[in-house]
Amino acid sequence: MKALVWLLVVLAGAALTSAAQVRIAQSPYPFHEVGTGGRIEPQSFVRDPAGTLYFVYLSQFTPPQYDVAIARSTTGGLTWEMTWQQGFAANPAGDFGNFEPTLAVDSKGNLHCAWTHRPLNDQNGQTIRYNRWDAATKSWGTEAATAAGASRYTRNAALAVDSKDHVYLMHAHASTGRATLFRSDQPCAADQKFTPVNPAFASTLVYQISLVVDALDQVHAAYYGTGASSYSVHHQCFTGSTWTPQTMLGNGDLCADWPIRLCADLNGNVYAFYGRDTQAAPDKTQWDPVWEVRRWDGATQTWGAAVQVYKTTRTQYRYNGLDSNHEWTISVACDENTGEVYLIYRDFDAGRYLLATWRNGDPSPGTYALLNTTGSLAPNYPDRFYSPQMRGSVYPACNRTALGLDLLHTEGDPLASPATYTLVYDALPVGSLLSVGRPQVGTTYPLDLQALGDAGLAYQVALSASGPTPGIPIDRRVVPLAPDPLFFLVLGNALPGTLKKFAGTLDAAGAGRAELVIPGNPALAGTLLHGAFATYPGAPSGIKTLSNAWRFVLVK
């Protein structure tokens with residue numbers, strides 16, 4: 001009964017230990033972006049193979065010029081060197097500056113950074129610039145303006161790295177309405193030279209590019225732009241020798257069908273998370289956003305149907321501040337151990353942000369965590385939460401450090417005088433529950449547990465015969481199981497001959513094994529079960545790590 005008592009205490013509101021959250025007082029920073037009143041908005045977030053975290057942001061070290069900066073944490077997010085790299089991007093005096101930076105990391109720990117540079121009063125003179133931080137020499141290479149053959153009036157650079165450490169760089173040419181995908185001539189872009197892939201990417205006007213490499217080393221590009229006849233969110237995949245046909249993911253109206261974010265899991269699947277405007281008549285001053293997620297099936301090489309995650313109940317007026325922020329209102333990533341997909345999105349009606357999960361084997365996401373509960377400052381005005389960035393298990397393997405999800409966001413009050421902001425880092429450890437066994441009636445079915453970083457901690461496994469939804473809210477997370485009779489029988493240890501080691505302690509590697517002794521009744525064949533586990537320092541002090549929901553069907 002110990003586990004059941006622990007759960008009841010938790011549900012009654014006992015204090016919990018949650019994911020490690022670090023709040024970094026941000027204002028007044030001497031290096032903040034003046035145009036936002038001191039707000040730093042992370043624009044790309046990576047972790048290298050050694051576990052060091054990096055994010056890139058836009059700043060103004062020498063106002064009024066805009067510049068690129070990279071922050072670093074070698075302590076797992078507990079402390080940050082906010083100006084670890086600043087001023088490394090050439091920015092001649094008098095120029096408008098650098099903006100739209102992006103960051104990627106390869107298996108050797110080298111950092112790759114690309115950004116747009118604009119001369120003063122010369123928007124048509126923009127170029128994409130690229131540089132590389134060498135992890136071995138701990139130094140930058142020679143910055144290359146137009147290193148990737150960028151033409152005039154370029155923007156929206158995106159980076160990705162494949163399993164062979166080839167670096168892909170894609171950007172748009174707004175003057176021609178085309179985008180180009182380049183691949184580094186050498187692994188890790190050692191010579192900092194890029195060549196356009198053949199055949200060339202065929203598109204019209206392109207904005208907000210998202211780039212990801214799948215488990216087959218195919219390069220997926222998603223973007224907001226024009227297709228055959230309309231503006232929308234689109235996708236194409238470069239297989240290594242050709243491009244797949246353009247697929248429209250949005251609704252095809254001339255409207256605000258952006259942003260778009262991609263992530264890849266360990267099985268060759270790719271997930272697209274994007275905003276779609278549901279207004280019947282296109283209107284550039286307002287939109288009725290819906291957040292949708294779709295999966296590219298790695299086996300069939302096709303997109304599945306769109307699943308709605310959220311739909312607003314009131315029109316958003318873009319001239320009231322939303323237009324400059326709505327492209328930064330979502331994020332998507334896979335977790336480290338299971339490949340399940342996590343989605344951050346803005347709830348416009350409540351003025352808050354939510355974290356949802358696309359649960360393995362189930363058709364729709366469910367609310368996983370509440371990241372921000374403060375209300376909107378005013379109707380249709382951006383709330384106190386900005387630029388969510390999430391780093392997870394992106395392919396290839398060098399990005400999988402088995403430490404869970406890393407999250408960044410900025411929060412504050414833009415109407416205060418002076419405006420004040422806080423940069424927030426959050427770690428969300430995710431455990432893995434899986435089995436290589438066969439759940440046959442009359443046999444023992446092993447359930448393998450893994451929660452790296454939780455060595456020696458107590459764990460509890462639970463089962464449900466009703467699926468993973470609606471789940472049980474605990475703190476900012478949800479136990480991904482329905483609280484049905486089986487769930488409480490397991491927690492109450494009411495099936496002692498059936499459940500072995502469903503409660504115990506993880507070993508020095510953060511691993512454990514529970515066993516389900518399945519009765520030999522043939523009538524049980526076809527029964528669908530879900531299992532999950534949690535670790536905790538000691539009942540009832542709270543959950544440290546939650547696992548995925550493992551789905552299995554009993555067979556004869």
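With which residue does Asp-297 form a salt bridge, and how far apart are the closest N and O atoms? In this predicted model, the partner of Asp-297 is Arg-295, and the closest N and O atoms of the two residues are 3.3 Å apart. Arg-295 counts as partly exposed, since its relative accessibility is 31%, a value that lies in between the limit for buried residues, under 20%, and the limit for exposed residues, over 50%.

The pair formed by Asp-297 and Arg-295 belongs to a set of eight salt bridges that a search of the whole structure returns. Another member of this set joins the side chains of Arg-47 and Asp-406, with a distance of 2.9 Å from N to O. Because Arg-47 is part of strand β2 whereas Asp-406 is part of strand β31, which spans residues 405-413, this contact ties together parts of the chain that are separated by 359 residues in sequence. Both partners are enclosed according to their accessible areas: Arg-47 is buried at a relative accessible area of 5%, and Asp-406 is likewise counted as buried, at 1% relative accessibility. Through shared partners, the salt bridges further join Arg-47, Arg-391 and Asp-406 into one network.

A salt bridge is also found between Asp-217 and Lys-164, for which the closest N and O atoms are 3.4 Å apart. This pair links distant parts of the chain, 53 residues apart, with Asp-217 placed in the loop between β15 (206-213) and β16 (219-226) and Lys-164 placed in the loop between β11 (154-161) and β12 (167-173). The two partners fall into opposite classes of accessibility, in that Asp-217 is buried, with a relative accessible area of 16%, whereas Lys-164 counts as exposed, with a relative accessibility of 54%.

Strand β2, in which Arg-47 lies, is also a member of an open sheet, in which four strands follow one another in the order β2-β3-β4-β5 with antiparallel pairing. The edges of this sheet are taken by β2 (44-47) and β5 (81-86), each of which has a single partner strand, so that one side of each is left without a neighbour in the sheet. On average, and with direction ignored, neighbouring strands of the sheet are turned by 30° against each other.

Within the sheet, strand β3, comprising residues 53-59, runs antiparallel to strand β4, comprising residues 67-73, and the two are joined by seven bridges. Along this pairing, Leu-53 has Ser-73 of β4 as its bridge partner, and Phe-55 is found opposite Ala-71 of β4. Strand β4 also pairs with β5 in the antiparallel sense, here over three bridges, and Ile-70 stands opposite Gln-85 in β5. Of the seven residues of β4, six are buried, so this strand is largely enclosed by the rest of the structure.

As regards the cysteines, the structure contains zero disulfides. Cys-113 is buried at a relative accessible area of 0%, and Cys-237 is also counted as buried, at 0% relative accessibility.

How values were computed
Residues numbered from 1 in each chain as written. Predicted model: local features only at pLDDT ≥ 70, side-chain atom pairs only at ≥ 80, totals over all residues. Heavy atoms only, no water. Pairing = 2+ DSSP bridges. Axes fitted to C-alpha atoms, helices over the stretch in contact; angles between N-to-C directions. Disulfide = S-S within 2.5 Å. Buried < 20%, exposed > 50% of the residue type's maximum accessible area, 1.4 Å probe, protein only. Salt bridge = Lys/Arg side-chain N within 4 Å of Asp/Glu carboxyl O.
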